[in-house]
Amino acid sequence: MSHLSVQELEKVAEAYEQLLAPALFEQWADRLADAAEIQPGQRVLDVACGTGILARTLASRVGESGAVSGVDINPGMLAVAKRNSPGIEWQEGSAEALPYDDDQFDAVLCQLGLMLFSAPETALREMKRVLKPGGHLALAVFGSFDQLPAYATMASIYERLIDPGVGNALQLPFSMGNKDRLASLFEEAGIQAPVIITHEGTAHFDSVRNMVLADIKGWFPFAGIELGESATEAVVKEASKELASFQTSQGAVEFKLPVHFITATKA
Ligand SMILES: C[S@@+](CC[C@H](N)C(=O)[O-])C[C@H]1O[C@@H](n2cnc3c(N)ncnc32)[C@H](O)[C@@H]1O
């Protein structure tokens, strides 16, 4: 990520907001806010807030008497978040070293970010640290890659046509789907009795092209992968053939999207 300028990061963040957010991310914000039992007047934190999808929902739940902070490591994501919602307190920072004092928040949430952290156990300890006693922790993590045959198809296309590293980047967001391992991770981080519930959502891209572009423009550049026009067109052509069984009669790509919610209360 660091090789990109802030302007370049912002461009990728805009593609994330336009192509990936509606397809995979927006559908979880209300459900995760429910899971954290967000109430008017609360002070809440969105960790790895990205372009602010969850933070915006949280702001509408806590109302004028509450306050929402969003923290993310990526200044491009934060630039888009700020533009969309100037009323929220946006902060650049790492989940592994949260820039807040102890016992500050009534609730700490993290929507589909944990899989990308270099030290997830440290990040969980940090989330617990900044939470008030009795406060609620709620995270969402994608289910396993092996439950997503459409993405398995895409990974094999990237491996064949481009490079195995691209297939690996595609799999990274789905690398924490094992519930037993997730439970152990939370317990190792000192979070007692985490409750893990799997919810079923729907991935929906308007076309095969948009599904391919969502990753090539809205995710891979953050992982240091840039694909040119001819590589992109070759992938779109191959995906149009191989994703046929996931396409609706209107040409959209749709498939089931399992997401685990992990909730806990600070003692
Ligand atoms: C898949 S996006 C999810 C964003 C947002 N929560 C949403 O639901 O749209 C993952 C986010 O995690 C952020 N991120 C990755 N590693 C991070 C870290 N160590 N600390 C803080 N944020 C991080 C990325 O910059 C990105 O915005």
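This tour moves through a predicted model, from its sheet to the ligand, the nonpolar core and two loops.

**The sheet**

Begin by selecting the strands, and you will find that seven of them form an open sheet with mixed pairing, in the order S3-S2-S1-S4-S5-S7-S6. At its edges lie strand S3, residues 89-92, and strand S6, residues 195-205, each of which pairs on one side only. As you go from one strand to the next, the twist averages 20°. As background for what you see here, strands of a sheet pair through backbone hydrogen bonds, and they do so either parallel or antiparallel.

Next, select S6 together with strand S7, which covers residues 253-265; these two strands pair in the antiparallel sense over 11 bridges. Within this pair, look for histidine 204, which stands opposite glutamate 254 in S7.

**Phenylalanine 255**

Stay in strand S7 and select phenylalanine 255, which is found there. Is phenylalanine 255 buried, exposed or partly exposed? Phenylalanine 255 counts as partly exposed, because it has 17 C-beta neighbours inside 10 Å, while 20 or more would be needed for a residue to be buried. If you now add threonine 202 to the selection, you have two residues that are 53 residues apart in sequence but 5.8 Å apart in space, taken from C-alpha to C-alpha. Setting aside residues up to four places away in sequence, phenylalanine 255 touches Leu148, Ala150, Ala203 and Phe246.

**Around the ligand**

Now centre the view on the ligand, which has 19 residues around it, and of these Ala48, Gly50, Ile73, Asn74 and Ala95 come nearest. The elements that give two or more residues to this shell are helix H1, residues 6-25, and helix H3, residues 53-62. If you colour the shell around the ligand by class, you should find 12 nonpolar, five polar and two charged residues.

While helix H1 is in view, select lysine 11, which is found in that helix. With 17 C-beta neighbours inside 10 Å, lysine 11 counts as partly exposed. Adding isoleucine 38 gives a pair that is 27 residues apart in sequence and 32 Å apart in space, again from C-alpha to C-alpha.

**The nonpolar core**

The next stop is the largest nonpolar core, which has 87 residues, and those with the most contacts inside it are Leu32, Val108 and Leu109. Which element gives the most to this core? That element is H1, which contributes 10 residues. In general terms, nonpolar side chains tend to be buried together in soluble globular proteins. To look at one member in detail, select leucine 32, which, leaving aside its neighbours within four places in sequence, is in contact with Leu54, Leu109, Gln111, Ala138, Ala140 and Phe261.

**Two loop residues with positive phi**

For the last stops, keep in mind that most residues other than glycine have a negative phi. Select glutamate 37, in the loop between helix H2, residues 29-35, and strand S1, residues 43-47; glutamate 37 is not a glycine, yet it has a positive phi of about 55°. Glutamate 37 counts as partly exposed, because it has 14 C-beta neighbours inside 10 Å.

Finally, select alanine 48, whose place is in the loop between S1 and H3 and which you have already met among the residues that come nearest the ligand. Alanine 48 also has a positive phi, of about 60°, although it is not a glycine. With 24 C-beta neighbours inside 10 Å, however, alanine 48 counts as buried.

Notes:
Residues numbered from 1 in each chain as written. Predicted model: local features only at pLDDT ≥ 70, side-chain atom pairs only at ≥ 80, totals over all residues. Pairing = 2+ DSSP bridges. Helix = DSSP H or I, 4+ residues; strand = E, 2+ residues; numbered from the N terminus. Axes fitted to C-alpha atoms, helices over the stretch in contact; angles between N-to-C directions. Buried ≥ 20, exposed ≤ 12 C-beta atoms within 10 Å, placed from the backbone. Contact = placed C-beta atoms within 7 Å. Near = placed C-beta within 6 Å. Nonpolar A, V, L, I, M, F, W, Y, C, P; charged D, E, K, R; others polar. Core = buried A, V, L, I, M, F, W, Y, C linked by C-beta atoms within 7 Å.
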